Amino acid sequence: MVWLWNNLGLVLGLAAEHARLSAIPILVGFAASIPLGWVASRFAWLRGLLLTVFGIVFTIPSLALFVVMPLLLGTRILDDLNVIVALSLYAIAMMLRGAIDGFGSVSPDVLQSATAVGFAAASRFWTVQLPLAGPVLLANLRVVSVSTVSLLSVAALIGKGGLGYLFTNGYQRAFPEEIVIGIVFTLLIAAVFDIVLVLLGRLLLPWSRRAGRAA
Amino acid sequence: MIEFRSVSKRFPDGTLAVDDFSLQIPARQVTVLVGSSGSGKTTLLRMINRMVDPTSGTIEIDGHDIAGVEPVRLRRSIGYVMQNSGLLPHRRVIDNIATVPRLTGVPRPVAHQRARELMDTVGLDRSLAERYPGQLSGGQQQRVGVARGLAVDPNILLMDEPFGAVDPIVRSDLQQEVLRLQRELAKTIVFVTHDIDEAFLLGDRVVILESGGHIVQQGTPEEILAAPVNDFVASFIGSDRGKRRLIASERRGRGDDRVLIDAGGYPVGVISAPGGKLASGSASPRSRSISNKTDQAGDA
Amino acid sequence: MNFFADAFAYILDPAHWAGDPGIAQRIADHLLYTGLSVGIAILIAVPLGLLIGHTGRGRSFVIGLTSAARALPTFGFLLFIVLLAGLGLAPLIAVLVVLAVPPLLAGVYAGIEAVDRQPVDAARALGMSEWQILGRVEIPLGLPLMLGGLRSATLQVIATATVAGYVAQGGLGRYLIEGLARRDYTLAVVGAVLVAALALAIDGLLAVAQKLVQPRGVSRGRARPASTRERRSSRVPAIIRTPTTEGNL
């Protein structure tokens, strides 16, 4: 614990970087999976294709993807972009299934009645489909959030792992406490993200609370 | 004969589904337990094959307390038909029907042969034997369910709202099948439904239940129709809406026929001339007795 | 793209396959780590998952365990354990087992839980014993989802075994670690390509297996017909039902 107080600046700095490097992929993953998931839930052939492609991406171990990303993007290895793109791809892969399920969970009867009432396709999407798919999307987003925060630490091996630095550093110095602190702070960030998502859910999806717990 | 003696059932969450229920169910007849949701009828049915065990009281089958019988053995000797058939989706129709015989060690060819015979009995085309339940219509699935319940030729057949999930035309067909089967096989059938018309059609004895398994009235359909014991029963069978009181209207049909309406003014059928003869010239049907009841289904 | 070409040249050179450590050796190591830990995890998770799924008790434990496992940074956990327990096969396998159990458990549980209650109830009413219900109804109908859990667990282990190259002597991760340490980028890409190929191959095999165990007469993704009366427990969240959303390393 003494070590922590002495190095608080370092740890907090790493935590901030960790939060930044994981938040962006989470948001990108969410944002990209919405249109992809919506389209995939409508067209069966596209759904198969997307799931296969992203399934392949998801299967590749993250270290391999981190290493190869600079080649694909043309960046230098220490660029933030490598990690962000790689984690975003994973996030999309994880969210896609959830987005498809989410849009699929909206009852066709509700959609039809919305059309009958007079909603045009676009406004029907924003005011009916998206909110009703919301609870499933949120539940999956929480999973993606936790996983991404955890996954980032692997990137310490290419020098961009946020709090993961404490893992490699602690190991090299045979200092387990440092590793533990790294784990704890990673969990804290994951917890904070989760709380934010839950609160957002309560704010934007008030009806889903009464419908029962999703998890 | 099945006998309930002061049977009660309180579930772990506190609900008292059945409160001090006693009833004698005669052998070789159709006894219908009828009531709305929460009346405990399904719970009572499931106590007979020990899917549910009472918290107090005893249930005896032919004089033996079933609490002393090992449940798995008991269930293999009692037929059970449920709503939505509950067929095993990953087994073919013929394997579904042969489930219990196979469990009791009957060799497969023998069990399959019996299954095919049962398909004839319940009116299923034998070509469906190799299909999977998912490929059958609702009515066909229910017939498979009935065949499965009959597979070990049990004395007792339990039927839990078996026709609730099919459409009215199919339901009517299946009801007639039950009547025909009972005429042929004379099993002890305990039938649960919330549909009073179904109860009157199929039941030799009808037991009307209120919440907690309280018996409000029991008797033959004629007894209940003739004399509903209180307002609840009257309302349940539709007497209060005039449904059961029939009047010959002014409108005439063929010959001496008059259109029959109920007290609410809704047309119900056609009544023959007061001479009491059917158009075919035969005398009016025998009054209903237990063994003759099913013969009426064949009459005009 | 030069690095890719060099990497493929490296891989295609037979000289690099033989020897210790060569490509063949490292693949064998990786398969050993994976097979051993997944095998042990199966012994732990399958009986437990069957029990929880069949009786319906302990589902919140499964959900809690899965969530906790997902949140734990596996890399940090691995390094921590190795620091305490030393380098060697046993600590490594132990860590991999601990990481493989939650997704496997979730998959087995979800597989049983997703089976329609009606055929199960009917089977019981017909006179099947609890073991017979488990073996003849719940497991056959739940097998596809269970294999999904196996896929997820295997992926997790392959990925962690890769990263374990930081502390272990064997496995394909060594190419990546050594390549990064020596700034030999080609070597790192070799590792990346090999481990990606291995992961895809094994996952592909398991995917085929998942299709094969789909029981006939039941359409994919539906262990239940349209009507869903009489559900014993509330829906399992999609996250657990489709274990492929487990984070992998």
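The paragraphs below go through the chains of this predicted model, beginning with how they touch and ending with a sheet in chain B.

Two pairs of chains touch, and of these the pair A and C has the most contacts. Chains A and B, by contrast, make no contact: 19 Å separates their nearest C-alpha atoms.

Chain C contains 10 helices and 0 strands, so its pattern along the sequence is helix after helix, α-α-α-α-α-α-α-α-α-α. Of its 249 residues, 58% are buried, meaning that their relative accessible area is under 20%. Among contacts in chain C with a separation of 6 or more, 77% join residues 24 or more positions apart. The accessible surface of chain C is about 9800 Å², and carbon and sulfur atoms hold 66% of that area.

Chain B has an open sheet of 6 strands with mixed pairing, in the order E6-E7-E8-E3-E9-E10. At its edges are strand E6 (78–82) and strand E10 (214–219), each of which pairs on one side only. From one strand to the next, the twist averages 15°.

At the E10 edge of chain B, strand E10 pairs with strand E9 (residues 205–210) in the antiparallel sense, over 5 bridges. Within this pair, B:Val207 is opposite B:Gln218 of E10.

The other edge strand of chain B, E6, has a helix across it: helix H6 (residues 138–150) lies over both E6 and strand E7 (156–160). The helix runs at about 165° to E6 of chain B.

Key:
Residues numbered from 1 in each chain as written. Chains lettered and ligands numbered in written order. Predicted model: local features only at pLDDT ≥ 70, side-chain atom pairs only at ≥ 80, totals over all residues. Heavy atoms only, no water. Pairing = 2+ DSSP bridges. Helix = DSSP H or I, 4+ residues; strand = E, 2+ residues; numbered from the N terminus. Axes fitted to C-alpha atoms, helices over the stretch in contact; angles between N-to-C directions. Contact = heavy atoms within 4.5 Å. Buried < 20%, exposed > 50% of the residue type's maximum accessible area, 1.4 Å probe, protein only. Areas by Shrake-Rupley, 256 points an atom, 1.4 Å probe, with all protein chains shown as cover.
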